[in-house]
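The exercises below are meant to be worked with the sequence and the coordinates side by side. Try each task before reading its solution.

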Amino acid sequence: MSADLQVEEPPRRLNSFTGTAGARESHVWDRAFGPWDLYFGVVWAATVAFVLGADFPALSYRLPAAALLTLLIPWYAWAGRPLLLRDPGAEPALSLRYLGVLTALFLPAAFLVGETRLITFAIAPHCFMLLPLRRAIGAMAVVSLLPVAGWALLWRPEGHVVFMNAVGSFVTLAFSSFFGAWILRIIGQSQERASLITELDASREEVARLSAAQGAHAERERMSREIHDTLAQGFTSLLMLVQAVQSELDTDPEQAHRHLELMAATARQNLAEARALVAGGAPADLDAGSLPDAVRRLAARQDPPADVSVTGEVRPLAAALEVVALRSCQESLANAAKHAGAGARCSVSLAYGDDGLTVAVRDTGRGFDPAAPVPGYGLRGLRARAAEVGGTAAVEAAPGCGTTVTVTLPTTTLPISPTTP
């Protein structure tokens, strides 16, 4: 008896809990409850058939027993089935009431006809589904042992018959108790596993949320640097050139004309940089050739133009490294234009080494005190750019002695860019 009922029992609870409390496979038990209805109906029909076909006792006793068994069907459908569909232990009072009425209908029929005990196969799973282990074993003791005792007291069969029926009842109780305890222990582990899975899912959702937030923050930081180093610097140059043109229109028309041409070139470059930002591509200067060529074009837009020197074996580098090198030159030259003062000259050097690239931008301007707080985003963004590719950025300056910005980038940590120089 117990082997059948315990094999049938696990799918209900294991499915209901290992489904991550409905998160992954919701209502698995609801969808799979039909076989349980069929199982209960088959056991009930077999029991009634055995009761009505028995040789003993007389039909006048067997008919009342069958009638009592018939009342189990509506009681199961109205009270038992809804309880079995709920979480285990959700309604302890209702569970006790259901099993109490079930036992009250079963015991008199079992006292009258011994074959009635066959329906224990259908009653025992309900005990272990609805009650804690100790109470379930107690209920099994009632439905296993009392029917034999009542039947023996009513009909006074021979001693060996009573003995055989009693042994069978004790074996049934021991077998069902052992497997019931084993199954409930598995269910407890499944509950803990389901709880861990739920916590893991919640943790993964939190990690995904934090990753998305971190990604959005990193993208904002990247866009801030790109806009600062390209569009903002270009607009600053345009404003400075506008001011220069306004002061030169009457005194030096030729210089004003040259500055107007420089303004047009700067505006075109800003437009190209804006398109590159929208498209997510490489900087406009790098699209047109190698890094040294891009630096030379950048230096030519300075007023006065900056000197450019290149040492070492020029070769294509990883795209990320070339972008950082170009942006470092752009930021350093823009800072020199704003802060070095009138008449300051700038020079840019690119030194290709075996395992690194060194970019140095020097100006002969007024300089500054490196220990003093530096407002703005430029130097901080420059250092952040270099750090992203494993490089470093250093600033050497002194009041009245100019400024040197040196960026050192490793060339062995990133793959080579497919772009040809």
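**Exercise 1.** In this predicted model, how many salt bridges does a search of the whole structure find, and where do their partners lie in the chain?

*Solution.* The search of the whole structure returns 3 salt bridges. Begin with the pair that links distant parts of the chain, in which D37 belongs to helix α4 (residues 34-53) and R81 to helix α6 (residues 72-85), 44 residues apart. Their side chains meet with an N to O distance of 2.8 Å.

Next, take E206 and R209, whose side chains form a salt bridge at 2.6 Å, N to O; both residues sit in helix α10, 3 residues apart, about one turn of the helix.

Finally, D293 pairs with R296, the closest N and O atoms being 3.2 Å apart, and these two residues also lie 3 residues apart, about one turn, but within helix α13 (residues 291-300). As background, side chains of opposite charge can pair when their charged atoms come close.

**Exercise 2.** Decide whether D37 and R81 are buried, partly exposed or exposed, and do likewise for E206 and R209.

*Solution.* The cut-offs needed are under 20% relative accessible area for buried and over 50% for exposed, with partly exposed in between. D37 has 25% relative accessibility and is therefore partly exposed, and R81, at 28%, is likewise partly exposed. In the helix α10 pair, E206 counts as partly exposed because its relative accessibility is 34%, and R209 is partly exposed with a value of 47%.

**Exercise 3.** Compare the surroundings of S169 and M164: which is buried and which is exposed?

*Solution.* First, place the residues: M164 is found in helix α10, which covers residues 159-248, and S169 is found in helix α10 as well.

Second, apply the accessibility values: S169 has a relative accessible area of 6%, so it is buried, whereas M164 is exposed because its relative accessibility is 56%.

Third, look at the neighbours. Leaving aside residues up to four places away in sequence, S169 touches S144, L145 and V148, and a polar atom of the S169 side chain lies 3.1 Å from the backbone oxygen of S144. M164, for its part, joins F163, V167, V171 and F175 in a nonpolar surface patch of about 480 Å².

Last, consult the record: an unreviewed UniProt entry annotates several spans as "transmembrane region", including residues 136-155 and 161-184. In the model, residues 136-155 are 100% helix, with their end C-alpha atoms 29 Å apart.

Key: Residues are numbered from 1 along each chain as its sequence is written. This is a predicted model: local features need pLDDT of at least 70, side-chain atom pairs count only at pLDDT 80 or more; totals for chains, interfaces and linings use all residues. Side-chain values use heavy atoms; hydrogens and water are left out. Patches are made of residues with over 30% relative accessible area and no salt bridge: like charges are joined within 9 Å, nonpolar side chains (Val, Leu, Ile, Met, Phe, Trp, Tyr) within 5 Å. Accessible areas come from the Shrake-Rupley method with a 1.4 Å probe; for residues, only the protein chains shown count as cover. A salt bridge is a side-chain nitrogen of Lys or Arg within 4 Å of a carboxyl oxygen of Asp or Glu. Helices (H or I, at least four residues) and strands (E, at least two) are DSSP runs, numbered from the N terminus. Buried means under 20% relative accessible area, exposed over 50%, partly exposed in between (1.4 Å probe, protein chains only). A polar contact is a pair of N or O atoms within 3.5 Å; within protein, one must be able to donate a hydrogen and the other to accept it, and residues adjacent in sequence count only if both atoms are side-chain atoms. Contact means heavy atoms within 4.5 Å. UniProt positions are given in the numbering used here, feature names are shortened, and annotations may be inferred rather than shown by experiment.
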